[in-house]
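Here is a quick walk through one model, written for someone who would rather look at side chains than at statistics. Have the viewer open and follow along.

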Amino acid sequence: MERDEVRKAVLELIGDVMPELEEVTFDKNIVSEYGVSSVSIIKLIVEAEKKFEVSFSDYELALDSYDTFGDFAEVIYEKLEEE
């Protein structure tokens with residue numbers, strides 16, 4: 001899967017898991033700009049694991065592992081590249 005495809009799929013996933021967020025971009029801070037909580041990021045990770053068939057380590061479940069949704073998308077892209 002190409003990086004752009006992953007990013008597009010992540011945007012769709014964010015819309016499904018966090019419908020309250022409008023006009024999400026990849027370069028804004030998840031916490032300060034969108035108010036994402038640790039519970040919300042775990043929900044997003046669980047759905048990403050299902051959608052992309054990847055696994056996140058315990059360390060990667062922490063909200064502070066991702067400053068932006070771009071960081072999150074990049075982690076998924078790297079996981080897909082490893083397979």
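Serine 55 sits in the loop between α3 and α4. Keep in mind while you look that this is a predicted model. Is serine 55 buried or exposed? Its relative accessibility is 57%, and the cut-off for exposed is over 50%, so serine 55 counts as exposed. Leaving out residues up to four places away in sequence, serine 55 touches Glu49, Glu60 and Lys79. Take the last of those partners: serine 55 and lysine 79 are 24 residues apart along the chain, yet their C-alpha atoms are separated by 8.1 Å.

**Glutamate 60 and its partners**

Glutamate 60 is in that loop too, between α3 and α4. Its relative accessibility is 16%, and buried means under 20%, so glutamate 60 counts as buried. What does a buried glutamate 60 pair up with in a salt bridge? The partner is lysine 79, with the closest N and O atoms 2.9 Å apart. This pair ties together distant parts of the chain, since glutamate 60 belongs to the loop between α3 and α4 while lysine 79 is in helix α4, 19 residues away. Lysine 79 is buried, just as glutamate 60 is.

The glutamate 60 side chain has another polar neighbour: one of its polar atoms lies 2.7 Å from the backbone nitrogen of serine 57. If you set aside neighbours within four places in sequence, the contacts of glutamate 60 are Ile45, Ser55, Ser65, Tyr66, Val75 and Lys79. Serine 55 turns up again in that list, and Glu60 is likewise among the residues that serine 55 touches.

**The salt bridges**

How many salt bridges does a search of the whole structure find? The count is three. As a general point, side chains of opposite charge can pair when their charged atoms come close. Here they are side by side:

| Acidic residue | Basic residue | Closest N to O distance |
|---|---|---|
| Glutamate 74 | Arginine 3 | 2.9 Å |
| Glutamate 47 | Lysine 50 | 3.3 Å |
| Glutamate 60 | Lysine 79 | 2.9 Å |

Start with glutamate 74 and arginine 3, whose side chains meet in a salt bridge. That pair also connects distant parts of the chain, with glutamate 74 in helix α4, arginine 3 in helix α1, and their positions 71 residues apart. Glutamate 74 has 23% relative accessibility and so counts as partly exposed. Arginine 3 is partly exposed as well, at 37%.

Lysine 50 and glutamate 47 are a local affair: both lie in helix α3, three residues apart, which is about one turn of the helix. An α-helix has 3.6 residues a turn, so residues three or four places apart point the same way. Lysine 50 is exposed, with a relative accessible area of 56%, whereas glutamate 47 is partly exposed at 30%.

**Helix α1 and the residues facing it**

Helix α1 runs over residues 3-17. Its 15 residues reach 21 Å from first C-alpha to last, close to the 21 Å expected. Which residues of α1 are buried? They are Val6, Ala9, Val10, Leu13 and Ile14. Looking down the axis of α1, you find its buried residues within an arc of 145 degrees, so they line one face of the helix. Asp4 and Lys8, on the other side of α1, are exposed. The buried residues of α1 pack against α3 (38-52) and α4 (69-82).

Phenylalanine 52, in helix α3, gives you a good view of this packing. At 8% relative accessibility, phenylalanine 52 counts as buried. Not counting residues up to four places away in sequence, it touches Met1, Val6, Ala9, Val10, Leu13, Ile76 and Leu80. Val6, Ala9, Val10 and Leu13 are among the buried residues of α1. For a contrast in spacing, phenylalanine 52 and glycine 35 are 17 residues apart in sequence and 25 Å apart in space, C-alpha to C-alpha.

Last stop, glutamate 82, which is found in helix α4. Its relative accessible area is 67%, so glutamate 82 is exposed. Glutamate 82 and valine 54 are 28 residues apart in sequence, with 10.0 Å between their C-alpha atoms.

How values were computed: Residues numbered from 1 in each chain as written. Predicted model: local features only at pLDDT ≥ 70, side-chain atom pairs only at ≥ 80, totals over all residues. Heavy atoms only, no water. Helix = DSSP H or I, 4+ residues; strand = E, 2+ residues; numbered from the N terminus. Expected span 1.5 Å × (residues − 1). Buried < 20%, exposed > 50% of the residue type's maximum accessible area, 1.4 Å probe, protein only. Arc of directions from axis to C-beta. Contact = heavy atoms within 4.5 Å. Polar contact = N/O pair within 3.5 Å; in protein donor to acceptor, adjacent residues only side chain to side chain. Salt bridge = Lys/Arg side-chain N within 4 Å of Asp/Glu carboxyl O.
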